[in-house]
Amino acid sequence: MGDGAVNVRAEVHSILASESREAFLLALGHRLGTSTRVVFVEDGEAGSGSLRAARACNEMMIVVWSQLWATRAPETASGYPDAEFLPVLLEKADAGDARPYLRDALESTLLHLRASGAWTRPDEEGTTQQPTPEA
């Protein structure tokens with residue numbers, strides 16, 4: 001995932017363990033859906049490479065929705081262990097040369113959640129500080 005990959009990975013692991021897990025998965029699934037549309041609309045003229053990237057984005061969305069379903073209904077659905085979630089997404093992205101789309105989806109999701117106050121970055125001690133309600 002290039003520069004900043006360690007930070008993104010740490011943030012993903014942290015948010016999956018937080019109360020913002022569902023919001024993260026919902027937003028990430030949405031962003032990957034938007035990426036798929038971008039592939040078809042803006043990059044569609046590139047040929048078979050764009051189809052591979054769109055398929056990879058679709059596969060990543062399936063992983064995200066499976067993870068969300070398992071979060072909401074663990075008795076009826078199974079997802080990936082949190083430690084395997086990001087590696088599975090990377091594997092799907094690499095299968096279609098879609099890593100830039102995954103990175104954009106992850107970064108924009110994290111940015112949105114931080115900007116909305118739904119989640120904050122882990123502090124130096126590795127704990128996540130949730131925003132405090134305003135009086």
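## What counts as a salt bridge

A salt bridge is a side-chain nitrogen of Lys or Arg within 4 Å of a carboxyl oxygen of Asp or Glu. The general idea is simple: side chains of opposite charge can pair when their charged atoms come close. Keep that cut-off in mind while you look at D97 and R52, whose side chains meet in a salt bridge at 3.1 Å, N to O. One thing to know up front: what you're looking at is a predicted model.

## The overall picture

Let's zoom out for a moment. The protein has 5 helices and 0 strands, so if you walk along from the N terminus, the elements simply read α-α-α-α-α. There are 135 residues, and 39% of them count as buried.

Now for the contacts. Take those in the protein with a separation of 6 or more: 67% of them are accounted for by residues 24 or more positions apart. As for the outside, the protein exposes about 7700 Å², and carbon and sulfur atoms supply 53% of that area.

## D97, a loop residue with an unusual angle

Where is D97 found? Look in the loop between α4 (82–95) and α5 (99–116). Is D97 buried or exposed? With 55% relative accessibility, D97 counts as exposed, because the cut-off for that label is over 50%.

The backbone here is worth a look too. Most residues other than glycine have a negative phi. D97 isn't a glycine, yet its phi is positive, near 50°.

Back to the partner of D97 in the salt bridge, R52. D97 lies in the loop between α4 and α5 while R52 lies in helix α3, so the pair ties together parts that are 45 residues apart in sequence. R52 has a relative accessible area of 38%, which makes R52 partly exposed.

## Two more charged pairs

How many salt bridges does a search of the whole structure find? The count is 6. One of them joins the side chains of R21 and D82, at 2.9 Å, N to O. R21 sits in helix α2 (residues 21–41) and D82 in helix α4, so this pair ties together parts that are 61 residues apart in sequence. R21 is buried, with a relative accessible area of 15%, because buried means under 20%. D82, on the other hand, counts as partly exposed at 30% relative accessibility.

Another pair to find is E22 and R72, whose side chains meet in a salt bridge at 2.9 Å, N to O. This pair links distant parts of the chain: E22 is in helix α2 and R72 in helix α3, 50 residues apart. E22 is partly exposed, with a relative accessible area of 30%, while R72 is exposed at 52%.

## Q67, tucked away in a helix

Our last stop is Q67, which has its place in helix α3 (residues 48–72). Why does Q67 count as buried? Its relative accessibility is 1%, and buried means under 20%.

Which residues does Q67 touch, not counting those up to four places away in sequence? They are R21, L25, G79, Y80, D82 and F85. You've already met two of these, since R21 and D82 are the partners in a salt bridge. And if you'd like a distance to check for yourself, go from Q67 to P81: they are 14 residues apart in sequence and 9.0 Å apart in space, C-alpha to C-alpha.

Key
Residues are numbered from 1 along each chain as its sequence is written. This is a predicted model: local features need pLDDT of at least 70, side-chain atom pairs count only at pLDDT 80 or more; totals for chains, interfaces and linings use all residues. Side-chain values use heavy atoms; hydrogens and water are left out. Helices (H or I, at least four residues) and strands (E, at least two) are DSSP runs, numbered from the N terminus. Buried means under 20% relative accessible area, exposed over 50%, partly exposed in between (1.4 Å probe, protein chains only). Contact means heavy atoms within 4.5 Å. Accessible areas come from the Shrake-Rupley method with a 1.4 Å probe; for residues, only the protein chains shown count as cover.
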